[in-house]
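Work through the following exercises with the sequence and the structure side by side, and try each task before reading its solution.

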Amino acid sequence: MKYNFFKVVLLVLLSLKPTNAEDIKNDISSNSSVNFFIPLVTVDKQMHFVVGAGLSRLIAASTGSVLIGFAIATTIGGIKELVDKRTDGTQDINDFFATAFGALFVIPFI
């Protein structure tokens with residue numbers, strides 16, 4: 001019952017329109033708003049961090065193991081970058097590190 005919120009969030013995230021780094025860069029350059037939260041980190045890296053943290057938390061809560069949550073979230077981040085390499089996506093090792101740091105960030109809070 002208490003994990004229904006995470007299931008709903010995951011379903012919403014899965015139903016969103018896929019984006020790539022170029023879409024995000026175009027949105028940022030066309031938008032005059034300023035990112036007040038973390039101005040030195042791009043929105044793309046922030047999204048990778050949040051997804052890594054969310055996946056790690058969700059998997060750790062489902063399996064009961066923080067290590068499994070971290071490992072699976074980091075693996076998914078790596079697979080995403082490999083898919084970007086083989087398709088028309090933008091591969092960036094820093095995206096992988098942002099996802100991994102997000103998954104690592106959650107560990108003390110579980």
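A salt bridge is counted where a side-chain nitrogen of Lys or Arg lies within 4 Å of a carboxyl oxygen of Asp or Glu. The model used here is a predicted one.

**Exercise 1. Describe which helices and strands the protein has, and how much of the protein is buried.**

Solution. Begin with the elements: the protein has five helices and zero strands, and reading along the sequence gives the pattern α-α-α-α-α. Next, turn to burial, where buried residues make up 25% of the 110 residues in the protein. Finally, consider the surface, which comes to about 7,900 Å² of accessible area, with 70% of it belonging to carbon and sulfur atoms.

**Exercise 2. Determine which salt bridges K45 forms, beginning with D44, and explain what the pair of K45 and D95 ties together.**

Solution. Start with the partner D44: the closest N and O atoms of K45 and D44 are 3.6 Å apart, a distance that satisfies the limit of 4 Å. Both K45 and D44 are buried. Then take the partner D95, whose side chain meets that of K45 in a salt bridge at 2.8 Å, N to O. Because K45 lies in helix 3 and D95 in helix 5, this pair ties together parts that are 50 residues apart in sequence. D95 has a relative accessibility of 2%, and it therefore counts as buried. As a last step, place these residues in a wider picture: D44, K45, D92 and D95 are linked in a network of salt bridges, and the structure holds five salt bridges.

**Exercise 3. Check whether the length of helix 3 is as expected or not, and do the same for helix 4.**

Solution. For helix 3, the 21 residues should span 30 Å at 1.5 Å a residue, and the end C-alpha atoms are 30 Å apart, so the two values agree. After helix 3 comes G64, whose phi is positive, near 85°. For helix 4, which covers residues 66–86, the 21 residues should likewise span 30 Å, while the end C-alpha atoms are 31 Å apart, which agrees.

**Exercise 4. Work out how the buried and exposed residues are arranged around helix 4.**

Solution. First list the buried residues of helix 4, which are G69, A73, T74, G77, G78, E81 and D84. They lie on the same side of helix 4, because they cover an arc of only 160° around the axis. On the other side of helix 4, L67, L82 and R86 are exposed. Now ask what covers the buried residues: the cover includes helix 3 (43–63) and helix 5. One pair of neighbours in helix 4 deserves a closer look, since the side chains of K80 and E81 meet in a salt bridge at 3.8 Å, N to O. E81 is buried, with a relative accessible area of 5%, whereas K80, at 36% relative accessibility, counts as partly exposed.

**Exercise 5. Find which residues form a nonpolar patch on the surface, and decide whether I93 is buried or exposed.**

Solution. The patch is formed by I93, F97, F101 and L104, which together have about 410 Å² of accessible area. I93 lies in helix 5, which covers residues 93–105. Since exposed means over 50% relative accessible area, I93, at 53% relative accessibility, counts as exposed. For comparison, I79 is in helix 4 and counts as partly exposed at 47% relative accessibility.

Notes:
Residues numbered from 1 in each chain as written. Predicted model: local features only at pLDDT ≥ 70, side-chain atom pairs only at ≥ 80, totals over all residues. Heavy atoms only, no water. Patch = residues over 30% accessible without salt bridge, like charges linked within 9 Å, V, L, I, M, F, W, Y side chains within 5 Å. Areas by Shrake-Rupley, 256 points an atom, 1.4 Å probe, with all protein chains shown as cover. Helix = DSSP H or I, 4+ residues; strand = E, 2+ residues; numbered from the N terminus. Buried < 20%, exposed > 50% of the residue type's maximum accessible area, 1.4 Å probe, protein only. Expected span 1.5 Å × (residues − 1). Arc of directions from axis to C-beta. Contact = heavy atoms within 4.5 Å.
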